[in-house]
Amino acid sequence: MHNKDEAMGTKPVGKLMLQLALPAVAAQLINMLYSTVDRIYIGNIPGSGALALTGVGVTFPILMLVSAFAAFAGMGGAPLASIQLGAGNREGAEKILGNCFSLLLVLSVSLTVVFSIFKRPLLYLFGASDAIIQYAEDYITIYLAGTIFVQMSLGLNTFISAQGYATTAMLSVLIGAVINIVLDPILIFTLNMGVSGAALATIISQAASAAWVLCFLFGKKSGIRIRKENLKFDKRVIGKVISLGISPFVMQSTESLVSITLNSGLQHFGGDLYVGSMTIIQSVMQMLVMPVQGIQQGSQPIMSFNYGAKKYDRVRQTFSLLFRILITLTCLSTLAAFFFPHILARMFTQDMQLIDLVSKTMPIFFAGIWAFGMQMACQATFMALGQAKISLLLALLRKVVLLVPLAIILPRILGGNVMGIYIAEPIADIIASFTTLALFLIKRKVLLPKTSSCTE
């Protein structure tokens with residue numbers, strides 16, 4: 001048995017989770033720098049920082065869709081590959097990896113062409129005004145040229161994590177982040193490229209990350225490799241990847257729907273300043289939730305491998321530890337948003353009007369994040385166990401069923417008060433989190449029996 005496989009099935013869960021989660025958390029925090037550092041620099045461009053930041057903010061839906069398609073292939077395939085490794089089927093795991101690589105290539109070309117053609121009308125749809133459209137278009141035009149790098153780095157890095165190589169997966173993100181941080185001030189300020197420089201720095205850094213990931217997965221150090229014979233699409237394999245991948249795709253792509261809904265409503269009821277406030281709030285949200293997502297990702301390979309090996313007690317132990325950690329972190333995130341909104345806002349802008357607005361609205365927007373740890377722990381477990389239908393249901397619940405309708409309805413119920421849009425978030429978070437927890441408790445006995453048999 002491969003050393004990594006043996007550790008996944010025998011090493012104490014706490015130590016194994018720490019070993020895998022710490023690099024995953026580091027990777028998430030580093031990955032956050034791609035967008036956060038861009039926004040900090042953009043927000044501080046002399047004379048036009050606030051408008052430029054708002055312009056880049058309306059590109060979020062396109063950025064999220066590009067990432068969502070990477071998750072569609074990567075997170076749809078990686079848990080399945082890990083389950084196959086747990087069952088001792090290395091060839092099956094490599095078949096999944098090869099098919100996902102080909103799928104990412106097809107998606108990269110398609111996304112680049114479609115978004116490049118329709119970018120301007122889409123940006124207006126997403127909340128751009130005439131005052132900020134040029135900033136948005138300058139950023140997204142260059143970003144789209146690097147779509148293939150984003151797809152490869154994000155989509156395939158999950159297969160490195162799935163094997164237990166958490167440090168290697170972290171390094172792929174670290175390489176890109178360091179390059180991005182170095183290039184940002186040079187391109188934005190020294191070469192006076194503005195938002196175009198920020199976008200160029202991002203795609204160069206993503207290209208470096210993609211090169212690292214591909215070198216590993218084609219090389220001898222990887223437990224499963226990309227092989228020529230596995231690149232041809234297999235209908236059965238692709239069907240399973242799509243079935244499981246649709247859930248993380250919906251989770252991420254609906255961020256675009258949420259962003260469109262929020263920005264459009266804020267533009268209608270408030271104006272550019274309110275759209276700018278949401279750009280900062282969403283950036284802070286990423287900062288505070290990234291550690292949670294890293295721990296979630298670090299725990300999934302453990303649960304998937306042991307589920308495939310029918311070691312259900314180890315899956316239960318991992319979930320219990322994951323649940324407690326995530327709840328603690330999301331509660332701390334809520335406290336940070338309540339007590340330090342001014343400090344968090346100042347990271348992204350020096351505009352006092354914008355800082356005051358963010359300080360007023362951030363505590364409202366974050367009021368339900370404390371419960372979000374429940375949903376993330378349960379959702380991660382359903383994904384790790386290959387439960388596609390339940391994962392899809394839960395992915396739709398919080399954003400599509402709850403948040404989007406509430407963001408549309410509440411400001412109108414409140415007589416055109418823009419604050420209704422901010423209030424929609426905590427209501428959706430709390431309802432979705434407790435619903436997810438209840439569903440998990442109902443399904444747990446079936447999915448993780450204490451006997452040696454398993455009901456799929």
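**Notes on the pockets, helix 7 and a nonpolar patch**

1. Starting with the open space: the largest pocket comes out at about 490 Å³. Keep in mind that this is a predicted model. The lining of this pocket runs to 24 residues, and those nearest its centre are Leu-80, Ile-83, Gln-84, Ile-96 and Lys-240.

2. Which elements give two or more residues to the lining of that pocket? They are helix 4 (60–86), helix 5 (90–125), helix 10 (235–269) and helix 11 (272–308). Helix 10 makes the largest share, with 6 residues.

3. Now the enclosed space. Searching the whole structure turns up 3 cavities of 30 Å³ or more. The second largest cavity has a volume of about 50 Å³. Its lining consists of Leu-20, Ala-24, Ser-161, Gly-164, Ala-166, Ala-169, Gln-297, Gly-298 and Pro-301.

4. Sorted by element, helix 2 (13–43), helix 8 (166–190) and helix 11 each put two or more residues into the lining of this second largest cavity. Helix 11 gives the most, 3 residues. Helix 11 is also among the elements that give two or more residues to the lining of the largest pocket, so if you have one helix to click through for both spaces, I'd pick helix 11.

5. Helix 7 is worth a quick geometry check. It covers residues 147–162, and at 1.5 Å a residue its 16 residues should span 22 Å. The end C-alpha atoms sit 23 Å apart, which agrees with that expectation.

6. Which residues of helix 7 are buried? The list is Thr-147, Val-150, Gln-151, Met-152, Ser-153, Gly-155, Leu-156, Asn-157, Phe-159, Ile-160 and Ala-162. Polar names such as Gln-151 and Asn-157 are on that list, along with Leu-156 and Phe-159.

7. Have a look at what comes just after helix 7, too: Gly-164 has a positive phi of about 95° there. Gly-164 also turns up in the lining of the second largest cavity, as does Ser-161.

8. Last, the surface. Ile-408, Ile-409, Ile-413, Leu-414, Ile-423, Ile-427 and Ile-431 make a nonpolar patch of about 580 Å². Helix 16 (388–413) and helix 17 (419–447) each supply at least two of the patch residues.

9. Is Ile-408, from helix 16, buried, partly exposed or exposed? Its relative accessible area is 40%. Buried would need under 20% and exposed over 50%, so Ile-408 counts as partly exposed.

Key. Residues are numbered from 1 along each chain as its sequence is written. This is a predicted model: local features need pLDDT of at least 70, side-chain atom pairs count only at pLDDT 80 or more; totals for chains, interfaces and linings use all residues. Side-chain values use heavy atoms; hydrogens and water are left out. Helices (H or I, at least four residues) and strands (E, at least two) are DSSP runs, numbered from the N terminus. The expected span of a helix is 1.5 Å times one less than its number of residues. Buried means under 20% relative accessible area, exposed over 50%, partly exposed in between (1.4 Å probe, protein chains only). Patches are made of residues with over 30% relative accessible area and no salt bridge: like charges are joined within 9 Å, nonpolar side chains (Val, Leu, Ile, Met, Phe, Trp, Tyr) within 5 Å. Accessible areas come from the Shrake-Rupley method with a 1.4 Å probe; for residues, only the protein chains shown count as cover. A salt bridge is a side-chain nitrogen of Lys or Arg within 4 Å of a carboxyl oxygen of Asp or Glu. On a 1 Å grid over the protein atoms alone, a cavity is a set of points where a 1.4 Å probe fits but cannot get out, and a pocket is an open set with protein on both sides within 12 Å along at least five of seven lines; lining residues have an atom within 4 Å of a point. Grid points are joined across faces, edges and corners, and a volume is the space filled by probe spheres set on the points.
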